[in-house]
Amino acid sequence: MEETTEVAEWIQGGRLSVAFQPIVQLSTGIPYAYEALGRGPLPPSRLVEAARQQQVLARLGETWRGLAVSYLGQFHPRDDLSVFLNLDPAELVGQPFFALH
């Protein structure tokens, strides 16, 4: 997959997904949280950089977080687990981060 492909096309085409990484209590080995990790046609760091260059970083992050939240409706093994959602600091500049679409 080439980095010259428009990240916006991958977003629109449903080419992004989310994986959940368990975060465990070392003493017990029991998960107490999950981290939602964005996935796509490129390794995450390259995909984020391509999105930054193509000026769609906020859309990429919003899409990944939206997928994570939508998956939570299907994936909730225990009510007391936390989920961590990542963002790039650049997403906080110049736009309403918490705006829902």
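Let me start with a definition: a polar contact is a pair of N or O atoms within 3.5 Å, and within protein one of the two must be able to donate a hydrogen while the other must be able to accept it. I will come back to that when I reach arginine 65, but please keep in mind throughout that what you see above is a predicted model.

Let me begin with the overall layout. The protein chain holds three helices and three strands, and if you follow the sequence from its start, these elements come in the pattern α-β-β-α-α-β. Of the 101 residues in the chain, 26% are buried. If we take the contacts between residues at least 6 apart in sequence, 63% of them join residues that are at least 24 apart. As for the surface, the chain exposes about 6700 Å², and carbon and sulfur atoms supply 55% of that area.

Now to helix α2, which spans residues 44-53 and whose buried residues are L47, V48, A50 and A51. Because these residues cover an arc of only 160° around the axis, they sit on the same side of α2. Turning to the other side of the helix, we find S45 and Q53, which are exposed. What, then, covers the buried residues of α2? The cover includes two other helices, namely α1, at residues 7-12, and α3, at residues 57-72. Before we leave this part of the chain, let me point out Q55, which comes just after α2 and takes a positive phi of about 60°.

That brings me to helix α3, where I would like to look at two residues, R65 and V69. Is R65 buried or exposed? Its relative accessibility is 13%, and since the cut-off for buried is under 20%, R65 counts as buried. This is where the opening definition comes in: a polar atom of the R65 side chain lies 3.3 Å from the backbone oxygen of N86, and that distance falls within the 3.5 Å limit for a polar contact.

V69, in the same helix α3, is partly exposed, with a relative accessible area of 49%. Which residues make up the nonpolar surface patch of about 210 Å²? The patch is made by V69 together with V83 and L85. A residue needs over 30% relative accessible area to belong to a patch, and the 49% of V69 satisfies that condition.

So, for helix α3, the two residues to look at on the model are R65, which is buried, and V69, which is partly exposed. Thank you, and I am happy to go back to any of these residues.

Notes: Residues are numbered from 1 along each chain as its sequence is written. This is a predicted model: local features need pLDDT of at least 70, side-chain atom pairs count only at pLDDT 80 or more; totals for chains, interfaces and linings use all residues. Side-chain values use heavy atoms; hydrogens and water are left out. Buried means under 20% relative accessible area, exposed over 50%, partly exposed in between (1.4 Å probe, protein chains only). Helices (H or I, at least four residues) and strands (E, at least two) are DSSP runs, numbered from the N terminus. The arc is that of the directions from the helix axis to the C-beta atoms. Contact means heavy atoms within 4.5 Å. Accessible areas come from the Shrake-Rupley method with a 1.4 Å probe; for residues, only the protein chains shown count as cover. Patches are made of residues with over 30% relative accessible area and no salt bridge: like charges are joined within 9 Å, nonpolar side chains (Val, Leu, Ile, Met, Phe, Trp, Tyr) within 5 Å. A salt bridge is a side-chain nitrogen of Lys or Arg within 4 Å of a carboxyl oxygen of Asp or Glu.
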